[in-house]
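Colleague: I'm new to this one. Can you walk me through it?
Modeller: Sure, have a look and ask away.

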Amino acid sequence: AKKANGVAETIEYDLIRDKLRNPEGQIDIKCSPTYEKIRNLTNQMNIPENNSAHREGLERSVRAVPERIKRAQYYATLYILLMERTQQKNAQYFMRAAKEEAMKIRPLSRRSMVLCDIAMLWHSAGHYDEALTLMDDAVDATTNIRQYEKRDAVVERLSFAIKFLRDRYP
């Protein structure tokens, strides 16, 4: 169990770490306080989608995070959590927020990697079309990198992700 906890702690996305938790307590994985707050707020949302107070609370929680990359990741996580709760309208709102936040990331090499990471996360959650759209954005950002060495390194990493997505597209 200690080894499993150690490996799980290295996973960047709280959503994935959270899914690894088990009720018996054998794997006791810590998630960030921001993620815990987001998860609790999404669990409180009712089926009707006019939960503007909850949505504003979720957005405030994410906007309080100082790092843009983390904000994009939390928005991406919210998209998945809300899609699981059939909150289509709210989920689409946070999907756009994730993309907008990621598109502001500089340098372009980092933007490409973040877009790729989110695409892989969405793909693993079963949102294939959205994942492919994000991969297109990652490739577009990569083509605008002017330094050859950086661009080549990013292209190499993206190529692995693209092959993964292509091979596992239903």
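Colleague: At what angle do helix H6 and helix H7 pack?
Modeller: About 160 degrees, with the axes 9 Å apart. H6 covers residues 88-103 and H7 covers residues 108-124. Keep in mind that this is a predicted model.

Colleague: OK, so how do the two run relative to each other, roughly parallel or roughly antiparallel?
Modeller: Roughly antiparallel, because angles over 145 degrees count that way and theirs is about 160.

Colleague: Which residues make the contact?
Modeller: From H6 you have Met95, Ala98, Ala102 and Met103, and from H7 there are Arg111, Val114, Leu115 and Trp122. By class, that's 7 nonpolar residues, no polar ones and 1 charged.

Colleague: Trp122 caught my eye. What about aromatic pairs, how many are there?
Modeller: The whole structure has 3. In one of them, the ring centres of Tyr79 and Trp122 are 4.7 Å apart and the planes sit at 55 degrees, so that pair is tilted. Tyr79 is in helix H5 and Trp122 in helix H7, so the pair ties together parts 43 residues apart in sequence.

Colleague: Are those two buried or exposed?
Modeller: Tyr79 is buried, and Trp122 is too. Another pair is Tyr93 with Phe94, which is edge-to-face: 5.1 Å between centres and 85 degrees between planes. Ring pairs also link Tyr75, Tyr93 and Phe94 into a cluster.

Colleague: And how buried or exposed are Tyr93 and Phe94?
Modeller: Tyr93 is partly exposed, at 25% relative accessible area, while Phe94 is buried at 0%.

Colleague: Switching topic: how many salt bridges does the structure hold?
Modeller: It holds 8. Including this one: Arg71 with Glu101, where the closest N and O atoms are 2.9 Å apart. Arg71 belongs to helix H5 (residues 68-84) and Glu101 to helix H6, so the bridge ties together parts 30 residues apart in sequence. Arg71 and Glu101 are both buried.

Colleague: Which side chain does Arg17 meet in a salt bridge?
Modeller: That of Asp14, at 2.1 Å from N to O. Arg17 and Asp14 are 3 residues apart in helix H2 (residues 14-20), which means about one helical turn separates them. Arg17 is buried, as is Asp14.

Colleague: And what's going on around Arg39?
Modeller: Its side chain meets that of Glu36 in a salt bridge, 2.9 Å from N to O. Arg39 and Glu36 both lie in helix H3 (residues 33-44), 3 residues apart. Arg39 counts as buried because its relative accessibility is 19%. Asp18 joins in as well: Asp18, Glu36 and Arg39 are linked in a salt-bridge network.

Key. Residues are numbered from 1 along each chain as its sequence is written. This is a predicted model: local features need pLDDT of at least 70, side-chain atom pairs count only at pLDDT 80 or more; totals for chains, interfaces and linings use all residues. Side-chain values use heavy atoms; hydrogens and water are left out. Axes are lines fitted to C-alpha atoms, for helices over the stretch in contact, and angles run from 0 to 180 degrees between N-to-C directions. Helices (H or I, at least four residues) and strands (E, at least two) are DSSP runs, numbered from the N terminus. Contact means heavy atoms within 4.5 Å. Ala, Val, Leu, Ile, Met, Phe, Trp, Tyr, Cys and Pro count as nonpolar, Asp, Glu, Lys and Arg as charged, and the others, Gly among them, as polar. A salt bridge is a side-chain nitrogen of Lys or Arg within 4 Å of a carboxyl oxygen of Asp or Glu. Buried means under 20% relative accessible area, exposed over 50%, partly exposed in between (1.4 Å probe, protein chains only). Rings of Phe, Tyr and Trp (its six-membered ring) pair if their centres lie within 6.5 Å; planes under 30 degrees apart count as stacked, over 60 as edge-to-face and the rest as tilted.
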